[in-house]
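Hello,

I am passing on the structure that we talked about, and it follows just below. Please have it open while you read, as my notes come after it.

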Amino acid sequence: MNRPIRVLVAKPGLDGHDRGAKVIARALRDAGMEVIYTGLRQTPEQIVAAAIQEDVDVVAMSILSGAHNHLFPKVVNLLREKGVNDVLIIGGGVIPEDDIPFLLESGIDAIFTPGTSTKDVIEYIKNNLKRNI
Amino acid sequence: MFDDKKIEEIKAATDRWEKETVSKVISKFPERKEKFVTNSNLEVKRLYTPEDIKDLDYESDLGYPGEYPYTRGVQPTMYRGKLWTMRQYAGFGTAEESNKRYKYLLEQGQTGLSVAFDLPTQIGYDSDHPLAEGEVGKVGVAIDSLKDMEVLFDGIPLDKVSTSMTINAPAAILLAMYIAVAEKQGVSKDKLRGTIQNDILKEYIARGTYIFPPQPSMRLITNIFEYCSKEVPHWNTISISGYHIREAGCTAVQEVAFTLANGIAYVEAAIKAGLDIDEFAPRLSFFFNAHNNLFEEVAKFRAARRLWAKIMKERFKAKDPKSMQLKFHTQTAGSTLTAQQPDNNIIRVTIQALAAVLGGTQSLHTNSRDEALALPTEESVRIALRTQQILAYESGVADTIDPLAGSYYVESLTNKIEEEALKYIQKIDELGGATKAIEKGYIQREIQDAAYKYQMEVESLDRIVVGVNKFQVEEEEKKEILKVDRTVEFSQKEKLAQLRKERNNDEVQRTLKVLKEKAETDENLMPYILDAVKAYATLGEICDVLREVFGEYQQSVIL
């Protein structure tokens, strides 16, 4: 690895629960990654713009409001429209198991549910990057 | 409570016990951990004796229920007179669906309503706003106008129930809608009982549903204080909330400290606006979390009560005893619920609810076992309510007041929590008060540090979470969960289009114009908001007018 992994941690939608997003952001940073956190209430358009501008390797999104089926795929589609296909896209939050197959089909690479260890997220990112860095 | 000589004797005897009895055992069987700590990292000793509370003065530090400093409770007879209000927070989908759930809960013996609004409502967007996409009806009920509110309370007599509404930035508008519905039912404002959360500071800190910047937000809050003191005298005008701050990851000590610091900021704002302390302070109420560490939680509630009483009396010179009484609602801790083996959550909730009752709460929401997965099903909500009823009617814990008083451990913890919380409050005072401390990111950073530390402790197994990092099982079949689909959003949009066609749009424009003009002055906005609401102006339209005048809050991202 020649440079640190760059990650955008994002909160799409109106949900204000950011404890998980912030814990993950810190854990990734402590694991040597460069982390940008968007703050609350980001539209899919804003997230995609930030991902491109910051040239990140990973977009990690968190939703606890139940809007994941709508907002996660929207981010994937917008990234694809902009021709971005080599960014690892992951999501987390209160996400019912039933919804996971749909989200994976929509192009989210992995979904992490409550109780996940930050170590597992770090491992997953390191092993599944789509770019050579 | 003991004389010095007796304390000396006890101290000597305790030392002897450590040397003669304990040391022998410990050399062969070491204790489970080198150091035991509470959730707030307060060290827990092996044994507590009278020496640990040797300076406690019964009369001045504990006193009697219903009397200053209210350590033992705010009511003279507590649950012997009337049990706490069992109030389950509920709301999802459309007003029709939520109305049905409220009627179900009332039939099941619930004694008060607690309304959950969806995020667009909480942030002042109508259901047809682009930012509302995918969020309508998800975490609560969607309310766009007085029309929805009429449906929400259809068939529920507002002079008979007390209603708590978890609404903050647009609290004035939802309160106005509630008043308007009551009027249509023939219930006058002075008969209304309930609470609006109306606590914007903790939105900036932890919960995230802010709209306007701090200054105009504080103005709306003091407008409500003033209006209600005259027009809606039995309404609790604010619920100063530690709940969400704790959910964001802080400790019990920080929960007390940051909540009371916010309380101080509201009191100061109201005084600055020219209100008399004893006019509005009796209607201030609080909202705390109940976590798993039973004794620390009980001590937390007692410490908060005593500390607030002192602040009101000594710092703000309140005269009315009601101004000094910290009345509070409690909700069990959502963040302690696990998605793994969700039935275990019933037991967690029981312990937490017990803490709230032993701590003297005025009302209680018990979480449902499936809330780490989704909104709760009707069956799960019933078990949660039954948990409260079993505590109330079977356990006997409600039969005497403040039963843990006098416990060397609990009294010592109560003192310690008060002391540590006071240190934080002094620090916040030095930073210029809660609003300044939030703007500087101090409070947010303290919470984040605690949250991160907690997560690392769980991952290193210093902290055991049953079913998550120990005692795991292969999860069995999927549980039934409640889902809200997007049809709610589409039907809400249709209803809005209909409303915009049918209402008297000239009257809407007129009332909104007046509101805008008044927002630019120092006048109390409540009457003008009420006029707009009655003309069926939507929540989004009213908030837009205020956004134009007040601007919007920009979050400073702290990591």
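I would begin in chain B, where B:Leu294, B:Glu297 and B:Val298 of helix α12(B) meet B:Ile351, B:Leu354, B:Ala355 and B:Leu358 of helix α14(B). Sorted by class, the residues in this contact are six nonpolar and one charged, with no polar ones. Please keep in mind that this is a predicted model. The two helices, α12 (residues 294-315) and α14 (residues 344-358) of chain B, pack at an angle of about 30° with their axes 8 Å apart, and α12(B) passes α14(B) in a right-handed crossing.

The next thing to look at is the largest nonpolar core, which has 193 residues, and in which A:Val59, B:Leu260 and B:Ile529 touch the most other members. Helix α10 (residues 252-272) of chain B provides the largest share of this core, namely 13 residues. Because domain 2 (63-86 + 160-459) and domain 3 (494-550) of chain B both give residues to the core, it lies between them. If you centre your view on B:Leu260, you will find that its contacts, leaving aside residues up to four places away in sequence, are B:Ala304, B:Leu307, B:Trp308, B:Ile311, B:Ala421 and B:Ile425.

Finally, there is the meeting of the two chains, where 32 residues of chain B are in contact with 28 residues of chain A. On the chain B side, α4 (119-122) and α18 (442-459) each supply at least two residues, and α18(B) gives the most, with five. By class, that side has 17 nonpolar, nine polar and six charged residues.

Best wishes

Notes: Residues are numbered from 1 along each chain as its sequence is written. Chains are lettered from A and ligands numbered from 1 in the order in which they are written. This is a predicted model: local features need pLDDT of at least 70, side-chain atom pairs count only at pLDDT 80 or more; totals for chains, interfaces and linings use all residues. A nonpolar core is a set of buried Ala, Val, Leu, Ile, Met, Phe, Trp, Tyr and Cys residues joined through C-beta atoms within 7 Å. A residue is buried if 20 or more other C-beta atoms lie within 10 Å of its own, exposed if 12 or fewer, and partly exposed in between; C-beta atoms are placed from the backbone. Helices (H or I, at least four residues) and strands (E, at least two) are DSSP runs, numbered from the N terminus. Domain bounds come from an automatic or database domain assignment. Two residues are in contact if their C-beta atoms, placed from the backbone, lie within 7 Å. Ala, Val, Leu, Ile, Met, Phe, Trp, Tyr, Cys and Pro count as nonpolar, Asp, Glu, Lys and Arg as charged, and the others, Gly among them, as polar. Axes are lines fitted to C-alpha atoms, for helices over the stretch in contact, and angles run from 0 to 180 degrees between N-to-C directions. A crossing is left-handed if the near helix is turned anticlockwise from the far one by less than a right angle, and right-handed if clockwise.
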